[in-house]
Amino acid sequence: MKDSKGRKLKENEAQRKDGMYRYRYTVDGKRYEVCSWRLLPSDKTPAGKKEKPSLREMEEQIQKDLRNGINLSKSKITVNEQVKKYLDSKRSVSLGTKYSYYSIFNTIIEPSSLGNMKVREVNYSDVLKFYSEMFQRGYSFNYIKSFHKILQPAFQLAVDDNMIRVNPCYDVLQQFSSKIVKSVREPLTKEQQSRLMRFVKENYENSQNYVILATFLGTGLRIGELIGLTWDEVDLENGVINLKHQVVYGVVNGKSVFYSKKPKYNSVRQIPLQANLLRILKQYYEETWELSENSDILVGNLKGFLFWSSKGSLFSHQVLRQHFYRIKNAYNKQERQVA
């Protein structure tokens, strides 16, 4: 059999009526096919058609994969399907971590062009390009590192299952990090904290935001510890917080819920309260204790929380971060105007 240019076609090769070349092969009794507008690498892709490897290049890759034991029966699995398979296999991570992983998957990976690519089609350059695009869209290097912690092992699982020979994520993060200037987090000075709190007091004194931020700055609590803080843990008489737990928003039995867990390092932590924060919390206690005590917000057997949203539920990590971002943006805007 010959093609439209008079070139002899090999066994299992054919040219369709529209001019596209086709190669068919069998794996484990099932028939598969690949197609290309080019027979040889030197052929030109017709105008308006998608650029892809020539048919002979694809045949060579298929035969190479078969010799190396690559499972071609799974060649159509997408990155989204592979990542979900990896996440579903995770059993040793905490519920909060698993919730974070699924959140990244749902918001970043699943709707992306990378997520819809076939696992076998992804190259090193595709992953590097995707990380660069994330950085350009405003995602921090640390967030991209969290993203990499999902993508890299998902592709490694594909290697272990003989779907691909090489993990395209290998060494990508190191190469990517060398091309950007990573932001360094610097703590606020005492003067900066004072100026920020003056701004918050002037603009948010009658809201929870003022007390929340004062508690955050004055104690160094982690966000889950702040969300789950109860009046039972706050000893106003002796001026200390006896931190016994934190509250996490995650997936339990397929539902997104709040649940409690021990603080980091599984130990009760005693945090002294500075005089100005103690005064703020005493006033806040007088104003809100009765509402807190009568609230129907329960997380396990925990009740009497210090902070809750206008919807009558605890703040999620994301909502609380949004509050902080709004305060930060408003403060920076005022500072720029003053300058």
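Which residues in α8 are buried? Let's work towards that one. A quick note before we start: this is a predicted model, where local features need pLDDT of at least 70, side-chain atom pairs count only at pLDDT 80 or more, and totals for chains, interfaces and linings use all residues. Residues are numbered from 1 along each chain as its sequence is written, and side-chain values use heavy atoms, with hydrogens and water left out.

Okay, α8. Helices here are DSSP runs of H or I, at least four residues, and strands are runs of E, at least two, numbered from the N terminus. Back to the opener: the buried ones (under 20% relative accessible area, 1.4 Å probe, protein chains only) are Q208, N209, Y210, V211, I212, L213, A214, T215, F216, G218 and T219. That's eleven of the twelve residues in α8.

So what covers them? The list includes α7, α9 (223-227), β5 (240-243), β8 (269-272), α10 and α11 (317-338).

Now take α7, residues 190-204, against α8, residues 208-219: their axes, lines fitted to C-alpha atoms over the stretch in contact, come within 9 Å and cross at roughly 165°. Angles run from 0 to 180 degrees between N-to-C directions, and over 145 counts as roughly antiparallel, so that's what this pair is. Touching, meaning heavy atoms within 4.5 Å, are Q193, L196, M197, V200, K201 and Y204 of α7 with N209, Y210, L213, A214 and L217 of α8.

Last bit: right after α8 comes G220, with a positive phi near 75°.

Terms used: Angles under 35 degrees count as roughly parallel, over 145 as roughly antiparallel, 65 to 115 as roughly perpendicular and the rest as oblique. Buried means under 20% relative accessible area, exposed over 50%, partly exposed in between (1.4 Å probe, protein chains only).
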